[in-house]
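User: I am new to this structure and would like to learn how to read its features one at a time. Could you take me through them, giving the general idea before each case?

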Amino acid sequence: MPNAPIGRHHEDDPGLLGDTYDSPVELQRRTLVGVALTSGALSACQPDGTGPVDAPSSSTAAAAAPPPGSRRQRGVADPLPRQRYLGLQVLDLADGADVRRLLRDLGERVLALGSPDALTVTVGLGPAVVRSVRGAGSIGATDLPAFGSDAFEDGAEGGDLVLQVCADRRATVRSAIAELLGGLGDDVSGRWALDGYRGEVDGVGARNVLGFYDGLAVPTTAADQDEAVWTDASDGLADATLCVVRRIRLDHRRFGLLPVAEQEATIGRTKRTGVPLSGGGTTTDVDLQAKSGSGVFDIPNDAHVRRAHPLFSGAGRLMLRRAYSYRSAPDDQGLAFICFQRELDMFVRTQNSMDGGDRLLDFATTTGSATFLVLPGYDATTPLGDALFA
Ligand code: HEM
């Protein structure tokens, strides 16, 4: 996709702040005890930053390297700063559908799509299907509990099968979805869907519809992701992850009427730079203990980053959030919240902690929700979903 001129807002962008589309993007590595900038994320992108490296650079490497995504599915941890569009399709399966055959066919179709415009397709199964295949004790077999902040609309709750399709161009997302849905046949029907976009990416990241940088504090080292995101054999299924999707409408107008200092106190980071109110740089970890001279916590008790912080919520480890925005109508905009974690409880504890007193929720309505088991990776010889039946 040709680069947009610096400072020009994309047609799908609500026109927030600081667009520098050509700027180098620095993703961040963070553990619970610290944050450090790294160029590691950039090494997974094309030299011009247009997307992930899909092919090895030499024939020797081609022989040695496994196909991308063969061990773990793509679209989860791939650092794709320019993968700006999301198309999420939540589907139901007919009673008696042959799940194994359906997944095999789907996997083949995904592989056949290739990776134009940094396209990734991530496939997950809902808890009811996992239960039917592997029993109630399996990872991925548990439904989300009800939360106090739930207010679902239009049947946007749950589902048997998810396709998370991401790419640099919206047209590529749409045509991939059309291609995949067209091949799924009568055993599959649509339940709900969500289209998302990311604001322009600058040297810090992308902003959400409230104008704040989103997706900063996430596990980015392989070690942190192994610990917090990916399952291993001890979970009964290796190289899978649990995805939670929440469609969260945000009252951006009412939020925008707050003085900026109040907006910042609500989030717990500064609006212009993304720096935590406890100080440091954009990449500094939030310090929950920091206090001003008058003995008041720098990060207020009801600030989002305190309530969602893994040490405060009891989640223990940082979930991997992949932040997209959505806009269905002028008065229906918000966060296409997607996160990945090894245990569903990490999400549940975080949401419960927010429900217990996060001021951000005064501006948020969760209108859609689902959880899925993102299946292990696959390739031409190891079909999608076969690991479930092992
Ligand atoms: C209501 C809509 C939401 C908005 C607008 C929002 C926005 C933000 C922003 C701006 C940050 C700070 C920058 C960053 O680290 O990415 C943040 C951090 C975070 N959010 Fe949210 N978020 C929302 C909902 C949620 C939900 C539903 C969860 C999970 C249940 C969540 C989990 C987190 C976590 C874990 C952090 C990192 C906290 C830390 O610094 O340790 N957020 N969010």
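User: Among contacts in the protein chain between residues at least 6 apart in sequence, what percentage join residues at least 24 apart?

Analyst: Please keep in mind throughout that this is a predicted model. A contact can link residues that are separated along the chain, and here 75% of the contacts between residues at least 6 apart in sequence join residues at least 24 apart. The chain that makes these contacts has 11 helices and 13 strands, and of its 390 residues 46% count as buried.

User: Which residues have the most contacts inside the largest nonpolar core?

Analyst: The general idea is that in soluble globular proteins nonpolar side chains tend to be buried together. In this model the largest nonpolar core has 91 residues, and those with the most contacts inside it are Met-319, Ala-336 and Phe-340. If neighbours within four places in sequence are set aside, the contacts of Met-319 are Ala-228, Cys-339, Phe-340, Gln-341, Met-346, Phe-347 and Thr-350.

User: How should I read a single position such as Val-123, and is it buried or exposed?

Analyst: One counts the C-beta atoms around a residue, and 20 or more within 10 Å make it buried; Val-123 has 23 such neighbours and therefore counts as buried. Val-123 belongs to strand β4, which covers residues 120-125, and beyond its neighbours within four places in sequence it is in contact with Gln-73, Leu-106, Leu-163, Leu-375 and Leu-384. Of these partners, Leu-106 is 17 residues away along the chain, with 8.9 Å between the two C-alpha atoms.

User: Is strand β9 largely enclosed or exposed, and why?

Analyst: For a strand one can look at the residues pointing each way, and in β9 Thr-241, Cys-243, Val-245, Arg-247 and Arg-249 point one way while Leu-242, Val-244, Arg-246, Ile-248 and Leu-250 point the other, all of them buried. Because 10 of the 10 residues of β9 are buried, the strand is largely enclosed by the rest of the structure. On pairing, β9 is antiparallel to β13 (residues 364-374), over 10 bridges, and Val-244 stands opposite Thr-371 there. With β12 the strand β9 also runs antiparallel, joined by 8 bridges, and Leu-242 has Gln-341 as its bridge partner.

User: Which element gives the largest share of the shell around the ligand?

Analyst: A shell can be read by its closest residues, its classes and its sources. In this model 29 residues surround the ligand, the closest being Leu-216, Ala-217, Ala-308, Thr-350 and Ala-364, and by class the shell has 20 nonpolar, 6 polar and 3 charged residues. The largest share, 4 residues, comes from α11, while β9 and β12 are among the elements that each supply at least two. Helix α11 has 12 residues and reaches 17 Å from its first C-alpha to its last, close to the expected 16 Å. Its buried residues include Met-346, Phe-347 and Thr-350, and what covers the buried residues of α11 includes β9, α9, α10, β12 and β13.

User: Which residues other than glycine have a positive phi, for instance near 60 degrees or near 55 degrees?

Analyst: Ala-118 has a phi near 60 degrees, and Asp-154 has one near 55 degrees. Ala-118 lies in the loop between α3 and β4, and with 26 C-beta neighbours inside 10 Å it counts as buried. Asp-154 lies in the loop between α4 and β5, and with 10 such neighbours Asp-154 counts as exposed.

Technical notes:
Residues numbered from 1 in each chain as written. Predicted model: local features only at pLDDT ≥ 70, side-chain atom pairs only at ≥ 80, totals over all residues. Core = buried A, V, L, I, M, F, W, Y, C linked by C-beta atoms within 7 Å. Buried ≥ 20, exposed ≤ 12 C-beta atoms within 10 Å, placed from the backbone. Contact = placed C-beta atoms within 7 Å. Near = placed C-beta within 6 Å. Nonpolar A, V, L, I, M, F, W, Y, C, P; charged D, E, K, R; others polar. Pairing = 2+ DSSP bridges. Expected span 1.5 Å × (residues − 1).
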